[in-house]
Amino acid sequence: MGCSSTQEQKPPAIPSPLTLANTKLFTPVPVPSENDIFSLPASEKKTFLLHYNQYLEQDIRADKAIYQYLEKYVSNFTYDGETFTAIETLRNKKGNCISLAILTQALAKIVNVETSFREVSAYPIYKKEQDLLLVSSHFSTKLFAPEQEENKNWIQAIRAGTVVDYFPEQSTFYLGNAKYPKLVAKFYVNLSTQALIKEDLNLSYSLARAAFQFTPHNPELINLLAIIHRRAGDTNTAKKLFEFAIQHNLLSSNLIASYSFLAKTLNDPKLEHQLEEKLEQVARTPFDYLTIAQKATAKKQYRKSKKILKNIIEHYPYLPEPYFELAKVHYLQNHQDLARDALEHAITKSDSQEKTGMYEAKLKSLELTLH
């Protein structure tokens, strides 16, 4: 009787990180609404529906019809670091992956085509802005094919559909599926980050608050909120936000890296060491492990660094970055011939002129020291 009357205890709900925010530091300002992000004028909807229905009349599946419309009418789409609303993306024919995903979602909603999103990791594009290190992330959209009546009662592991993206598969690494709320949050986060770079802390904070409505316990968003407070001079609240993330296991490599920066600023080597261990626990992509290897190199832990780098190379032999880092380790150990071999590998694996130029410059410099 005692067992049957015992109710299962639910874990306590995680409070919102916003409860820790120092609201006195910021003055809220207006930000785009969810409707503003995805809204398209009647004229644009009419143009889309005209071509969409023509595709359907040609027996083209609904998801493929949207894809073909995008391919034809945004054929000169330019990859751009800016995050735009659906109408801005359509008219300017440019934007980043979030912009393209937002436009795709807006069109899919008009004709009731289901969507899902995929979050992937591409090689981090590091951009230093004052004391802020920006790291790229990537989203792609899947437009689902209409369900067949005869399949509705069956569980299907993989549902047919069309992926809208502009990155080659080889250069990305799957992190997981993402839902609509995360896409909306990404829009606000990207704009918040841009406002932070411009030192508009009121706008940055207001956009971050809007993002929390959609992903209230997102580690990247907690990280952003902490950085906003740190930039506003409130390191105490920033630390509380990082501790909140640690306490509730809401962790990411970016969050740990930002907390490590704060620990260094606060001259807390013990905390720095603890966070380095945390970084190894949360590493998910080859680029996370590359960061760990780089930290080991900086501490002259060459054996550890080489072990990690060789493991990355074994699993991802087409990436140039681990070869370049390995060349650095060999050079620091006075193994110039091995450093040259690693640099030559990096050059052959390079996927951009910028990287090739940098690797070739390092190789030329190394060869001058050998003569």
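Which element gives the most to the lining of the second largest cavity? In this predicted model, that element is strand S6, with four residues. The count of cavities of 30 Å³ or more comes to two, and this briefing treats each in turn.

**Largest cavity**

- The volume of the largest cavity is about 70 Å³.
- Its lining consists of Glu276, Leu279, Glu280, Ile292, Lys295, Ala296, Lys299, Gln301 and Lys304.
- Two elements, helix H12 (269–282) and helix H13 (286–298), give two or more residues to the lining of the largest cavity.
- By residue class, the lining of the largest cavity holds five charged residues, three nonpolar and one polar.
- Among the charged residues of this lining are Glu276, Glu280 and Lys295, while Leu279, Ile292 and Ala296 are nonpolar.
- The polar residue of this lining is Gln301.

**Second largest cavity**

- The second largest cavity holds about 40 Å³ of space.
- Ten residues line the second largest cavity, and those closest to its centre are Cys97, Leu100, Phe139, Ser140 and Val164.
- Helix H6 (97–110) and strand S6 (138–144) each supply at least two residues of the lining of the second largest cavity.
- In the lining of the second largest cavity, six residues are nonpolar, three are polar and one is charged.
- Of the residues closest to the centre of the second largest cavity, Cys97, Leu100, Phe139 and Val164 count as nonpolar, whereas Ser140 counts as polar.

Terms used. Residues are numbered from 1 along each chain as its sequence is written. This is a predicted model: local features need pLDDT of at least 70, side-chain atom pairs count only at pLDDT 80 or more; totals for chains, interfaces and linings use all residues. Side-chain values use heavy atoms; hydrogens and water are left out. On a 1 Å grid over the protein atoms alone, a cavity is a set of points where a 1.4 Å probe fits but cannot get out, and a pocket is an open set with protein on both sides within 12 Å along at least five of seven lines; lining residues have an atom within 4 Å of a point. Grid points are joined across faces, edges and corners, and a volume is the space filled by probe spheres set on the points.
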